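Colleague: Hi, can you walk me through this one? I'd like to get my bearings before I go back to the bench.

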Amino acid sequence: MRRAAPLTAAVAGLALLAACSTGEPVDMGEGTGSGAEGGGQTLHVAIGGEPDQLDPNKTSSYFSFQVLENVYDTLVETDANLEMQPALAESWDISDDQLTWTFHLREGVTFHDGSEFTSEDVVYSYNRIIDEELSNAWKFTAIEDIAAPDDLTVEITLSQPTPNLLSNLGGFKGMAIVDQANVESDEITTAPVGTGPFSFEEWTSGDHITLTANPDYWGGAPEIAGVEFQFISEPSTALAALQSGEVQWTDVIPPQQVERLQGEDQIELGVAPSSDYWYLALNEANEPWDDVRARQAIAYAIDREAIIQAVSYGNAAANQLAIPEQSIWYSEYSTYSTDLDKAQELLDEAGVTGGTIDFMATTEYPETVTAAQIIASNLEPLGIDVEIRQPDFSTWLDEQNSGSFDLLMMGWLGNIDPDDFYYNQHHTDGTSNAQGYSNPEVDQLLEDARTETDQDARYDLYAEAATIIADEASYIYLYNPSVIQAWTPELAGYEVMPDRAIRFRDVQLMEG
Amino acid sequence: MSTTEDRPTAEGRVGEARLGSLRLLAASPVTVAAAVVLVVVVIVALTAQWIAPYGINDVDVSRALQGPSGAHPLGTDDLGRDILSRVMVAAGTSLQVALVSVVFAFCVGVPIGIVSGYVGGWLDTVLMRIVDVMFAFPVLLLALAIVAILQPGLATTMLAIGIVFTPIFARVARASTLSVRVEPYVQVAQTMGTPWYRIMGRHVLPNITGPLIVQTSLSLAFAILSEAALSFLGLGIQPPDPSWGGMLFAAQGFVSQAWWMSVFPGLAIFVTVLACNLLGDGLRDVLDPKQRTRIEARQR
């Protein structure tokens, strides 16, 4: 199940993107707090499915995070440039040895139930994630101790320098600060209490979740009265709801609709590059895929252009590494091109003469089924028969973890720091290394990069590791998709975040 | 079943009766049309791999989502594959699944039904309760459960649909056997000491073929639909192999941009299933003695 977290959940990470940086959603900005309660209208939005639960530290569903992004806060949070900005912590100091981080908390912040937010809440929330070994506990592996010397100070002691501590703490709402009473009453799963711009109002199962503006929000009360999240999984229904004005915002938009929607006056379309990446992985526990040449042969045989065109209709950027071009971590790499002769040569060298590949796709992510069919036709000339399976996603995860596949395609969403994904996916002891890749040189590079505090040196380490990973085809990286969202012209001040965080605190609703 | 013509005592009369049935069938234009359509579908299915204009997996994204044209009479799908070719090849898959699963259901269900009806007693009770249990599940739900337990694929789809249809054949066979069992010719055979298996094979089975033939043709239609439904849910035929249901599923996201992706596989299902049903109706009219007398009276 480990993959579920980064996939559907970690979606609120950040992707270093400079393209759409018009506002500063972190600071109070223009939100003057004048339009508190009853001042504005309720915003209606359509999301693609119903949250499984509303405990931010436990859920791994993106649908939950879409709602919780507006209910909870983290110590720090991402901005549209994917840099970490103050949130519940106003500022922080780092000791010279890089092992002690002192966070100074914002004063006068209250939870939605009226109780005061203090450093104890931070200690409680983080210890809960660590002690209960929740799915994000791995982000805290370097933390030795969390202390609260006074009400407004939190001191975090580390076992080793952790340059990406801020993105670990604030990359997404999975690390949100929760209310102890709310957790202990067990109401957090259905009626969460946070410190965010909106408070939870009601949840009608199968239909909607309603949030109300928090007049006491530390960043200034939202101008709209609240947000109603409707669950609409069918894209045509969501689009019809948007066009009829029933909802004012949705992200339930398949990429093939983008071109058509661009021509519509009554719909604003937000398409922005994301930090998500999609990849192929060959199971190195199965012959002949333990042979690097056999894996490289597949990397040469596939028609990347066709795959990208078919899954994204032009709304994705081809990439042979994980990190998109907009990121400060981006490094160039373009070794592979579609070259069947080269692929055949490599297969001959590896002594592979045809055979079958068990391709595990899943209907939950239709792009995997589409790409599988293209790859099947790409590999046919090499005498390789691709058998496509499309189990449901929970079976898919089980099969991945038990290694019952030859080839799979999947994506990781909301990636922030290279450590988040390179270590987990390619280190010998990585928790998501389902393909079974192991290279001592890469292990060493990833370990060094983890604790390297000099940004330039760290960049070089990751660039080197990434090159080896792609050369040896531990993953065959394919592309970075775009975030696609649409809203009506009535909705003003909304900004598409590259990490797919959905924030409604600074929006206004104009008279329709 | 009890008309004098159907008595199998004289071979010549049986032949005559069959000829008569065919003649009656041919007299109904709807039935003839349905049969012609089915024959065409079967021919297309059998020859698809030679007469299809393109390969079913000729992916070419640059010609994706093209409307019907001279080069692609039914357009292309999201991967640039020719829909006509895929619909033609899928016909073979659909008919194969339908045929195999119905033959399976027939071969398992009919013996169960005959034994149950002929022997009666506790055996009848036990067998029919088992059949009742199978009936308690909605057809598709049971098929889904079977596919979920086994690995999705062609063979599993056939098996699942076959199992689901078995109790239907068992019921029909049993009901007919019950009425045949008390016929004088069966009782005569019994008094003459004919072994039970011979009575079932020689006297009971030939006399219950009418309802079974009708049930078979109707089941074929439902089997095609079930296969489409399973494939639509991603549990039937696995891509890249085409099936009508699978093509409909793939077309879902493109309804507003590429109507041809959904309309043509949908039409194929519609026409084939309708033809099977109409043929089944026609057969019932001819093979049901009461209906038949009425038709014959009209013709005279």
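Colleague: Let me start with a single residue: is E133(A) buried or exposed?
Modeller: E133(A) counts as exposed, because it has 9 C-beta neighbours inside 10 Å. The cut-offs go like this: 20 or more other C-beta atoms within 10 Å of a residue's own make it buried, 12 or fewer make it exposed, and anything in between is partly exposed, with C-beta atoms placed from the backbone. Keep in mind that this is a predicted model: local features need pLDDT of at least 70, side-chain atom pairs count only at pLDDT 80 or more, and totals for chains, interfaces and linings use all residues. Residues are numbered from 1 along each chain as its sequence is written, while chains are lettered from A and ligands numbered from 1 in the order in which they are written.

Colleague: Thanks. Where is E133(A) along the chain?
Modeller: Look in the loop between α3 (119–131) and β6 (143–150) of chain A. Helices (H or I, at least four residues) and strands (E, at least two) are DSSP runs, numbered from the N terminus. The backbone at E133(A) is worth a look too: phi is near 50 degrees, a positive value in a residue other than glycine.

Colleague: Which way does phi usually go?
Modeller: Most residues other than glycine have a negative phi, and most peptide bonds are trans. Y313(A) also has a positive phi, of about 50 degrees, and it is not a glycine. Y313(A) sits in the loop between α9 (304–312) and β14 (316–318) of chain A. With 18 C-beta neighbours inside 10 Å, Y313(A) counts as partly exposed.

Colleague: And cis bonds, which residues does the one in chain A join?
Modeller: A cis peptide bond joins E287(A) and P288(A), with omega about 0 degrees. P288(A) lies in the loop between β13 (277–282) and α8 (292–301) of chain A. Over in chain B, the bond from P239(B) to P240(B) is cis, with omega near 10 degrees, and P240(B) is in the loop between α9 (209–232) and α10 (244–251) of that chain.

Colleague: Switching to sheets: what is the strand order in the open sheet of four strands in chain A?
Modeller: The order is β4-β5-β7-β6, with antiparallel pairing. Two strands pair if DSSP finds at least two bridges between them. The edge strands are β4 (89–94) and β6 of chain A, each pairing on one side only. From one strand to the next the twist averages 20 degrees. Five bridges link β4(A) to strand β5 (residues 100–105) of chain A, and I94(A) stands opposite W101(A) in β5(A).

Colleague: What lies across β5, β6 and β7 of chain A?
Modeller: That's α3(A), running at about 160 degrees to β6(A). Axes here are lines fitted to C-alpha atoms, for helices over the stretch in contact, and angles run from 0 to 180 degrees between N-to-C directions. Contact means that the C-beta atoms of two residues, placed from the backbone, lie within 7 Å.

Colleague: Now further along chain A: how many bridges join β15 to β16?
Modeller: Six, between strand β15 (residues 355–360) and strand β16 (residues 384–389) of chain A, which run parallel. D358(A) stands opposite E387(A) in β16(A), and I357(A) has V386(A) as its bridge partner there. β15(A) also pairs in the parallel sense with strand β17 (residues 407–412) of chain A, over two bridges. In β17(A), L407(A) is the bridge partner of F359(A).

Colleague: OK, which residues of α13(A) meet α15(A)?
Modeller: P418(A), Y422(A) and H426(A) in α13(A) meet Y462(A), A465(A), A466(A) and I469(A) in α15(A). The axes of helix α13 (residues 418–426) and helix α15 (residues 455–471) of chain A come within 12 Å and cross at roughly 40 degrees.

Colleague: Last topic, chain B. How many helices and strands does it have?
Modeller: Chain B has twelve helices and zero strands. Its C-alpha trace spans about 75 × 50 × 30 Å along its principal axes, and buried residues make up 43% of its 300 residues.

Colleague: How many residues from each chain go into the contact between A and B?
Modeller: Chain B gives 15 residues and chain A gives 18 residues. The side of chain B that touches chain A has eight nonpolar, six polar and one charged residues. Here Ala, Val, Leu, Ile, Met, Phe, Trp, Tyr, Cys and Pro count as nonpolar, Asp, Glu, Lys and Arg as charged, and the others, Gly among them, as polar.
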